[in-house]
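Trainee: Could you take me through one part of this model closely, starting at a single loop and working outwards from there? I'd like to follow along with the structure open beside me.

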Amino acid sequence: VSPDRPVWSLGEGQAPEDLDKPVDTPPLSSLLIERPQGGSITVGGDISFVAKVEAQDLLRKPTIKWFKGKWMDLASKTGKHLQLKETFDRRTKIHTFEMHIIKAKDNYAGNYRCEVTYKDKFDSCSFDLEVKELEQSQSVDIRSAFKRSSEGHEDAGDLDFSGLLKHREPKQDDTPEVDVWEILKSARPDQYEKIAFEYGITDLRGLLKRLKKTKKEEKKSEAFAKKLDPAYQVDKGGKIRLVVDLADPTVELKWYKNGQEIRPTPKFIFEQKGTQRIMVINNCGLNDDAAYSVAAGEEKCTTELFVKGTELVGPECGLSTISHSTNGVEVPTGPRSRYRVKSEGLKHWLIIDDASKEDTGTFSLMASGGTSEAKVQEEKLWALALPSVLLLVTSVFFILVKLSSQEKAYSIHLFSCFDRNHRLEIVNSTIHDAGDYTFVPEGYSQSLSLTCFFPCPVPTDPPRVHLESLNFPDNTVTIVAGNKLRVEIPISGEPAPRVVWMKGERVILDSGHRVRAETFSDHTSLTIDIAEKEDTGNYKIVLQNEAGEATASVKVKVVDIPDPPDVPLVTEVGGDWCSMTWEPPIYDGGSPILGYFIERKKKQSSRWMRLNFDLNKETTFEPKKMIEGVPYEVRVFAVNAIGVSKPSEPSKAFVPLAVTSEPTMLVVDDVTDTTVTMKWRPPDTIGAAGLDGYLVEYCIEGTDDWRVTNKELTEKTKYTITGLPPEAKILVRVRAINAAGASTPRTLQHSILVKEVIEPPKIRIPRHLKQTYTRKVGEAVNLVIPFMGKPRPKVSWLKEGQTVDPTQVTIRNTDCDSIIFIRKAERKHSGKYDMKVEVENHVDTAIVDIQIVDLPGPPQCVKIDEVWGGNVALDWTPPKDNGNAAITGYTIQKADKKTMDWYTCIEHYHRTCITITELVVGNEYYFRIYSENMVGLSEGATQTKDSALIVKEGMQLKNPEYIDHDFKEPPKFTQPLINTFAIAGYNATLNCSVRANPRPKVIWMKNKIAIIDDPRYRMFSNQGVCTLEIRKPSPYDGGMYSCKAINDLGDALVECKLEVKVPTQE
């Protein structure tokens, strides 16, 4: 498919410059259980691709994307020709994704990709679609289709539809069926008119249009992915590369020139690059103008190489006018003549097409420098290439003869034969080569021969080195290390000079393995196969011959990527940044350092992250946006014009830490004649480095001499500065200290006068002590009463006007409060305590009322006042000891004389008389009464001395007997457990309800294993509702949970599945 044609008519393909960009994808994991497979369809056909994903372990539907090529997303391209479908089978739990292509077009062919993503999992699959064209029907009767009707017009179109509209009887044609299309395909264009006339085709124009539209089927090569071009052209002295691309890189390859195999030489260099096989022809000459072929196994492809020569214009040539004649008559060389003349530089050919007996005679060539002749006899005819009269010494000269059949001859020097051409070649001709040359075909007499004479002047040319042809500044050749360097320098001189290459005092030989020098007729070359840094330097060329000596030098500069920089040094660290520096690399690769790339990574990780995409010109850098408290490492790459160096060694691990914010709410807590007490609150922001302590400093007002008061850090938020001069004014500041250093100081805005100030005392009674403070006997009493006053007040306590006994009550006084402590309270500790605070002549007092209460005594003198019917009237007096608290009520109980089991009739009764009703007739009762206060019921009760008999009156009622119903039943769950989901980290509960009598024993199980004494589970049972609470479950707590109820009549079991989900972070 052509990359310029739109695919799906949706957009263009990927730009070439984007092909090499890496694509970040997550690591592959197995998600696809069925992958889409490639296929082929014809144009207009339909095809479907199916991908399946198993959802057994997936909590939600995975994401799928369909792509064409490398980046084209097909999700938004659905329409008439493309449809995407998704289905889910709940029974098998398999997601099925389908892509349907409807009525495919030829540009739908190509590579497709399916990508499936679920959280951190990723899977991908590629497949190909091949769209084949419909086979064109060749059943059209070409002779009837392209015959015009008698009424048709000249521009009636490709076919004569006017003839089809008329209902004419077809004529009987006894002509045998002939496939005219095959005849036209194999015929030359100049024969089309003749074939059309022969087979009665009159619409020649329509025929040509139809033939042009017919596509020729090309046989696909099995050995070559790309063959040689039909022809190549190169200038004389230039270099040409012949490239073929193999379908099978392992096949044996051979190159041929005019049918003869080519061996590797300095002129013919063979290279290999992937599946490409390349033959390089250096310093192309006229003798390289030939037919070349390459054979890969049984297949072969051919090409022709045309070497374009340059004419020499000057006194040596003397070619101003050239004409050909036969027997004194000038040969006509027009477009329609059988005689053709071919010229190339100093060489001229006369070619005779369809030679006959009339062409026998003498052919001559006339030029400004002289005349040369050749005879053509009847037996064998050839075309003779006659050179110009004057031949330059050291040039390459040859005589080319074209015979009417394939014969071989023998000659001196270099002779080659191809088809009917025979060539005598004199390489590097000298003065000794001047003379007569005769060509005699084998088997012929001397009379059938060709004789030429070529004079050769004596050379007088000293050696010269033509460095100007290099086109390098200052004759300096720059090569990247690892590449192959070949420097070809033209030279001249007659006779051919001897060439010596030298680097320093070392001579470079042509037999060298990696570095070698080679010399040819017109140039010398220096080859370095794999350039190294040590190859940099000046290379000297020395040329010598009989005419003189010449020297020249070429400078070779091997450039490479620089060495890695030194280990970077982290000089300063902040909360999310650091400052780093490094030294440049010792070796810059022969090219100036353009800048640096910096990378960082977490120490526990192996993934490096690039920090700058623009080169950093300096040797310092400040990485930012790091996570505080996480150790990091950094490294540096050096960059020059050649590339990027290897990374430096990682720096020592460092942890970004930030100092805390300044302390808050710094205030003066107390001032004396020599001390100042300060207090403050912790910083608002502490950070990952934590808080080690605080540093307190002060200075005398008007100076800047800050003095540290605490040599060791204090962790408290209160500190007293001692040893201050009296009546001095000072400024105080506090810093928070952690591993990252000291925070910004919090300074008190105003100065402090070091002088104690008298403050009148004031007692600040707590609210709960402003009323009576009540405690039970045996409990501890601990009261803190704060007060204010300066200097330190004097505190004294009195109880009921008497000094407090220190053996009974413990009193402790501080600068700001007083504490009353009674370890075990007794009723004698009750009373009013007077507190007095004195500062010089100022006094403040307060009263604290403490009440220690106990259980009351029983009531006094409980008696029965009256009995009537089913009622008894009782009367009593309050207890003698109320327990140091008011009596809040009474509890009355009764007992049958027969059993003496006591039952409560009424509680919290406030009066001292009561009537007890609804007593059973015929029973005799005793009564007792408890007294109650805020502590509780009295320990004992007062009982009536006499009993009360309830007399029987009237008829006696006989109660019927009833049979008790049997409520026993085996366990049965009325509400089963339900499959549910839980979120990790949040408590989950499982509930069910069971009915049974007697009460069943409930057992909870996980995966058939009973849950016993596991602190992660709590089990409840209330009114038959059974609950299992799972505290902060994790994914491992998921599974099958069951509840089993057992009693004497049987058991029952219910189960459910619990799945714990981990919340995703968006």
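Mentor: Pro495 is found in the loop between strand 33 (485-494) and strand 34. Keep in mind as you look that this is a predicted model. The peptide bond joining Glu494 and Pro495 is cis, with omega at about -5 degrees. That is worth a pause, since most residues other than glycine have a negative phi, and most peptide bonds are trans.

Now step forward from the loop. Strand 34 covers residues 498-503, and Val500 lies in it. With a relative accessibility of 33%, Val500 counts as partly exposed, because the buried class ends at 20% and the exposed class begins over 50%. Val500 also belongs to a nonpolar patch on the surface, together with Val507 and Leu509; the three share about 230 Å² of accessible area.

Step back instead, and strand 33 takes you into a sheet. This sheet is open, has four strands in the order 31-33-37-36, and its pairing is antiparallel. The edges are held by strand 31 (461-465) and strand 36 (515-519); each has a single partner strand, so one side of each is left without a neighbour in the sheet. On average, neighbouring strands here are turned by 15 degrees against each other, direction ignored. For a close view of one pairing, follow strand 36 to strand 37 (residues 523-528): the two run antiparallel and are joined by five bridges. Within that pairing, Ala517 has Leu526 in strand 37 as its bridge partner.

The edge strand 31 leads to another backbone detail. In the loop between strand 31 and strand 32 (476-480) you will find Asn475. Asn475 is not a glycine, yet its phi is positive, at about 55 degrees. Its relative accessible area is 25%, so Asn475 is partly exposed.

Both backbone details have counterparts elsewhere in the chain. A cis peptide bond also joins Asn997 and Pro998, with omega at about 5 degrees. Pro998 sits in the loop between strand 74 (988-997) and strand 75 (1001-1006). His908, again not a glycine, has a positive phi of about 55 degrees. His908 has its place in strand 67 (residues 902-909), and with a relative accessible area of 48% it is partly exposed.

The sheet has a counterpart too. Another open sheet of four strands, with antiparallel pairing, has the order 55-57-61-60. Strand 55 (759-763) and strand 60 (810-813) stand at its edges with a single partner strand each, so one side of each lacks a neighbour in the sheet. Its twist averages 20 degrees from one strand to the next. Strand 60 pairs with strand 61 (residues 817-822) in the antiparallel sense over four bridges, and Asn813 stands opposite Ser818 in strand 61.

Between those regions of the numbering there is a hairpin to look at. Strand 40 (residues 569-573) and strand 41 (residues 578-581) pair in the antiparallel sense over four bridges, and the hairpin joins them through four residues. Val573 stands opposite Cys578 in strand 41. Strand 41 also pairs with strand 44 (residues 620-621), antiparallel and over two bridges; there, Thr581 stands opposite Thr620.

Finally, the aromatic rings. A search of the whole structure finds nine aromatic pairs. One of them is Trp66 with Phe127: the ring centres are 6.3 Å apart and the planes are at 80 degrees, so the pair is edge-to-face. Trp66 lies in strand 4 (residues 63-68) and Phe127 in strand 9 (residues 121-132), so this pair ties together parts that are 61 residues apart in sequence. Both Trp66 and Phe127 are buried. An aromatic pair that brings you back to the hairpin region is Trp582 with Tyr596, edge-to-face with 5.4 Å centre to centre and 75 degrees between the planes. Trp582 is in the loop between strand 41 and strand 42 (595-602), while Tyr596 is in strand 42, 14 residues apart, so the pair links distant parts of the chain. Trp582 is buried at 3% relative accessible area, and Tyr596 counts as buried at 4%. Trp66 and Phe127 also belong to one aromatic cluster with Phe49 and Tyr112.

Methods
Residues numbered from 1 in each chain as written. Predicted model: local features only at pLDDT ≥ 70, side-chain atom pairs only at ≥ 80, totals over all residues. Heavy atoms only, no water. Pairing = 2+ DSSP bridges. Axes fitted to C-alpha atoms, helices over the stretch in contact; angles between N-to-C directions. Patch = residues over 30% accessible without salt bridge, like charges linked within 9 Å, V, L, I, M, F, W, Y side chains within 5 Å. Areas by Shrake-Rupley, 256 points an atom, 1.4 Å probe, with all protein chains shown as cover. Salt bridge = Lys/Arg side-chain N within 4 Å of Asp/Glu carboxyl O. Buried < 20%, exposed > 50% of the residue type's maximum accessible area, 1.4 Å probe, protein only. Phe/Tyr/Trp six-rings, centres within 6.5 Å; stacked < 30°, edge-to-face > 60°.
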